[in-house]
Amino acid sequence: MLDDVHTTSVSPVFIGRAQELAMLEDALARATAGEPQVLLVGGEAGVGKTRLIDEFLASAVAAGAVAAVGGCVEIGADGLPFAPVSTVLRSLRRKLGGELDGAAAGQEGELARLLPELGETARASHDEEGRARLFELTVRLLERLAAERTLVVAIEDLHWADRSTRELLGYLFRSLLSARLLVVATYRSDAIHRRHPLRPFLAEVDRMREVRRIELSRFTRVEVHAQLTGINGAEPERDLLDRIFKRSDGNAFFVEEIARSINEGCRTGLSESLRDLLLVRVEALPEEAQRVVRILAEGGSSGEYELLRAVARLGEDELIDALRAAVGANILRPTPDDSGYRFRHSLVREAVRDDLLPGERSRLNRRFAEALEAEPALVRADERAARLASYWYHAHDPAKALPAVLQASVEARRRYAHAEQLRLLERALELWEDAPKEIREAQRPMDYAEVYPACGCADQALAISKRALRTLDRSGHDPLRAAWFWTQRCKLMASLARGDGWEELSRAQELVRGLPPSPVHAEVMSQVAGWTMTHRPGPEGMAAAERAVELARLVGAESTELNARLTLAYFTVDSGDIERGLAEMREVCGRAVALGDISVLGRCYVNLTSALEGVGRSAEAVETAEEGGRILDRVGLVDSRAWLFGNLAESLFSLGRWDEAEAAALKTLRLALGTKPRGTAANRLARLALVRGDWGTAERESAATREHYGAHNTEPQYTLKVAGQAIELAAARGRILEVRALLEQAVAAGFPPGMQRYVWPLLCEAAAAESAARGLPTAEPGRGEALACLRVAVKRVPQPVPVWRAHAAMLQAELERAEGRDRPALWAEATAAFAALDRPYPLARARHRWAEALLAPGRGAAPAQADREHAAELLAQAHAVADRLGARPLREEIELLARRARLPLASAATRAALDASPPHTPALPPAPGTSAAASEPAEPDHPADPAEELGLTPRERDVLRLVAAGRSNRQIAQELFISPKTASVHVSNILAKLRVSGRTEAAAVAHRLRLVDGLTDGAPAR
């Protein structure tokens, strides 16, 4: 109603900022082309951020874009959860009509947490998945709206943003892949002190490719001249320009204020401080206008017209006159949606608010709270609880503030604003001590304190749970409530890596023991069963799962029942009743889909695909993962999709679809919110790097696996993965002593039931390392003990399905080979076992070993022609698979064997190992039993010499023979009649040519590839 008020303090001409405006317009062009853009505009207060954004948005809208602006709201010291995002969505709904409702169709219940106008909110999810789902659905909504038009979203005053808003924006910035969307956010750089929460957010987003920063500098003298010319309609005098430029130091807002002060009669325009200058303008207003300005300053950065009217207690005519005076003085301005008023600049508000007396501030907050209680419709429903809590808290009235703060915490939890929920609970615990007894009894913070290890707030949540438990102890024993808190502490302790959570879960179990059935009792038992499944699988966990299902059915807690049934079904599969367990898991999946129960939906598909892979049904696991992925994608379960892609990568690897497996692992990394799915992705990538012969990548990803899983993680599914990977990597490096130490640690830790999927590959790799190191002098001490350890371990691991029986056959053949008895019949058995399965890589390895056993010397006579022909066929089959998979170490080993045996390879078309390595990138030695050099098989009359292919001179062969025998440089020098320095040079050259890092690895390669005379299987170098 006051838009026509004329002011002269703002230049009608946009001054400067040509470079910044060009960056914004370039980002708009990129967004229009389908490449999402994010620009962060920083600058000190008053430097001109808002004017720049206003100018750009006007230009963007003129070019056909749709723009929506949302501001982060400051109420006292509290930001409103998701306020700018809600404002943006509300603006888009107003501009696009039913199109936004159509884009939100099917997910209105979740998106209503941000935009209540969409309807009732869905049932909240009690974990981080619910919040991630909300974020994902918000991103998709914006992508749909930006599919047919360019959408510009501006977020103002990011320095006031609540944590939930920052995290939602961070998720948006990371997730945008293809949309005609430009996000511009402004913040006050002078407000970002060292501990300001926006600082780490800015540091994080700076690393994102899509994000660019613009820092606005102050105006130059020339630009201040242009600004004053625009304000006054004439060029300023030189002395006036000098004084204003010096006083303002180029700050655009300061220029306006000083110019206005001079124009209104203060010829110097120089007060003791800018704050005084701003207050002089306020104090020049009529008394009623001053009152309204002070009320608005305490109420927040903006205020609704009707709320101002109720608090000011003025008639409509008097209020409009007061507002007209404040707008005419350029102190206030209407809000973009014309629902109320806000300060033209936050500096004015801060000056007015700081000038209020403490008692005056309390009184104003009380009046805001009373007005809002009397008429709740004065503010939007999604802001009401938070604002009322803030008003009563700053009114210093614990009796009123405690229930308001607790209600605000419930609302924050409903909207998945967990950080704000925890902050409000802390405030409630603070108020509880000062509230009257009757209020304390009626409003107990522990009745509201549902805390979860979500959104990086675990430390804060843990502190609140501790205070809540102390409060429970003081106020009387409430075992069910206490048990519930102990289950939450279990999750928190595990997420913070401060323990495995069993102590907390045991306390909860003890508290509910002997009590009548209840939802809490059922939940505790379900948690116990789930914990046991991942930490100590066995009969006790199965019994706990059965009890949880029984209790949940008795009390009608279906979500808890479905979770417990899923755990029980997993135990059933592990116990050997595979078909019944899998059928139960599928039934749970179907029921969760029918109910739309997201607390179960993600877990059931993750567990089902894992169980299928665990019993060797990889193709079925892939189909189930793809089906589950579509369902989870539809409902926006992000972290569950990350877990699912991690399982998919494992099954695709088993099937020999390695490129697809790598893509699935990378998808896990992009989607994962927690550290464990990231660890799984790194584990999959390390495994791929190992079989491809990329040892450097394998080491990096293995280190990432350990970091993500955590040094204190005791879950066997993770510890065994890490141990198996470490054994394979050590074997690839030829470090047999390290392999033995790792094996000993793994065996000592034990192999719980159901872990055979991790144990069999681990044992097979350790056995393969022993067979590859046979005859190596440094490996002989301790060999007997290592093989005995393996044979004992084998007896402890079940073989419930064909895939693990195949691994057992492979392991038996490797053990015989390690003891010098390379028996073709055992390799034939292993080959037959894998041939019946869809496991191309271990099948190729078994065929290669079978061929090697058929061709091995020392079996009494030269191989018969039939054996040679059979070996040639096996090598050709294995080579074709290794070549197709990109399993370079296996392929090169096959080619080397074919050359030595003078056998052709039908599919051989490979280069030597050195040529296969990238230029200037030293290749690392191949895995146990693999070759460091390979080329096309030699013609029968011209057998290849691997030492020649590696460029070893005759003298270097002599030196290498002594290195393999364990001689020092001085001993080598004495035996070959050369100086120690010359021996050292030869050793360095040999290490470079073999591309290894030390003498032990050089000896292992020499032995494995028979690079020097006298290094045959079973015979140490002489």
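This report describes a strand, two helices, the salt bridges and the cysteines of a predicted model.

## Strand S1 and its partners

Strand S1, which spans residues 37–43, is mostly covered, and seven of its seven residues are buried. In a regular strand the side chains alternate between the two faces of the sheet. In S1, Gln37, Leu39, Val41 and Gly43 point one way, while Val38, Leu40 and Gly42 point the other way, and residues of both sets are buried. The strand is joined by seven bridges to strand S6 (residues 181–188), the two running parallel, and by five bridges to strand S7 (residues 211–215), again in a parallel arrangement. Leu40 illustrates both pairings, since this residue stands opposite Ala185 in S6 and has Arg213 as its bridge partner in S7.

## Helices H26 and H38

Helix H26 covers residues 539–555, a run of 17 residues that reaches 25 Å from its first C-alpha to its last, close to the 24 Å expected at 1.5 Å a residue. Its buried residues are Gly541, Met542, Ala544, Ala545, Ala548, Val549, Leu551 and Ala552, and they pack against helix H25 (519–535) and helix H27 (558–574). The helix is followed by Gly556, a residue whose phi is positive, near 70°.

Helix H38 covers residues 783–795, and its 13 residues reach 19 Å from the first C-alpha to the last, which is close to the 18 Å expected at 1.5 Å a residue. Arg783, Ala786, Leu787, Leu790, Ala793 and Val794 are the buried residues of this helix. Why do they lie on the same side of H38? They cover an arc of only 125° around the axis, and this puts them on the same side of the helix. An α-helix has 3.6 residues a turn, so residues three or four places apart point the same way. On the other side of H38, Glu785 and Lys795 are exposed. The buried residues of H38 pack against helix H36 (736–749), helix H37 (756–772) and helix H39 (802–818).

## Salt bridges

A search of the whole structure finds 75 salt bridges, and three of them are set out below with the separation of the closest N and O atoms or the N to O value.

| Acidic residue | Basic residue | N to O distance |
|---|---|---|
| Asp382 | Arg90 | 3.4 Å |
| Glu728 | Arg687 | 2.4 Å |
| Glu975 | Arg967 | 3.7 Å |

Asp382 forms its salt bridge with Arg90, the closest N and O atoms being 3.4 Å apart. Because Asp382 lies in helix H18 (residues 381–394) and Arg90 in helix H3 (residues 83–96), the pair ties together parts that are 292 residues apart in sequence. Asp382 is buried, with a relative accessible area of 7%, and Arg90 is buried as well, with a relative accessible area of 9%.

The salt bridge of Arg687 with Glu728 brings their closest N and O atoms to 2.4 Å. Arg687 belongs to helix H33 (residues 675–692) and Glu728 to helix H35 (residues 716–732), so this pair ties together parts that are 41 residues apart in sequence. At 23% relative accessibility Arg687 counts as partly exposed, whereas Glu728, at 11% relative accessibility, counts as buried.

In the salt bridge between Glu975 and Arg967, the side chains meet at 3.7 Å, N to O. Glu975 counts as partly exposed at 44% relative accessibility, and Arg967 is also partly exposed, with a relative accessible area of 28%. Elsewhere, salt bridges that share partners join Glu814, Arg817, Asp822, Arg849, Glu852 and Glu893 into one network.

## Cysteines

How many disulfides does the model contain? With a disulfide taken as a pair of cysteine sulfur atoms within 2.5 Å, the count comes to zero. Cys589 is in no disulfide, and the nearest cysteine sulfur, that of Cys604, is 3.2 Å away; because the cut-off is 2.5 Å, this pair does not qualify. Cys589 counts as buried at 3% relative accessibility, and Cys764 counts as buried at 9% relative accessibility.

Methods. Residues are numbered from 1 along each chain as its sequence is written. This is a predicted model: local features need pLDDT of at least 70, side-chain atom pairs count only at pLDDT 80 or more; totals for chains, interfaces and linings use all residues. Side-chain values use heavy atoms; hydrogens and water are left out. Buried means under 20% relative accessible area, exposed over 50%, partly exposed in between (1.4 Å probe, protein chains only). Helices (H or I, at least four residues) and strands (E, at least two) are DSSP runs, numbered from the N terminus. The expected span of a helix is 1.5 Å times one less than its number of residues. Contact means heavy atoms within 4.5 Å. The arc is that of the directions from the helix axis to the C-beta atoms. Two strands pair if DSSP finds at least two bridges between them. A salt bridge is a side-chain nitrogen of Lys or Arg within 4 Å of a carboxyl oxygen of Asp or Glu.
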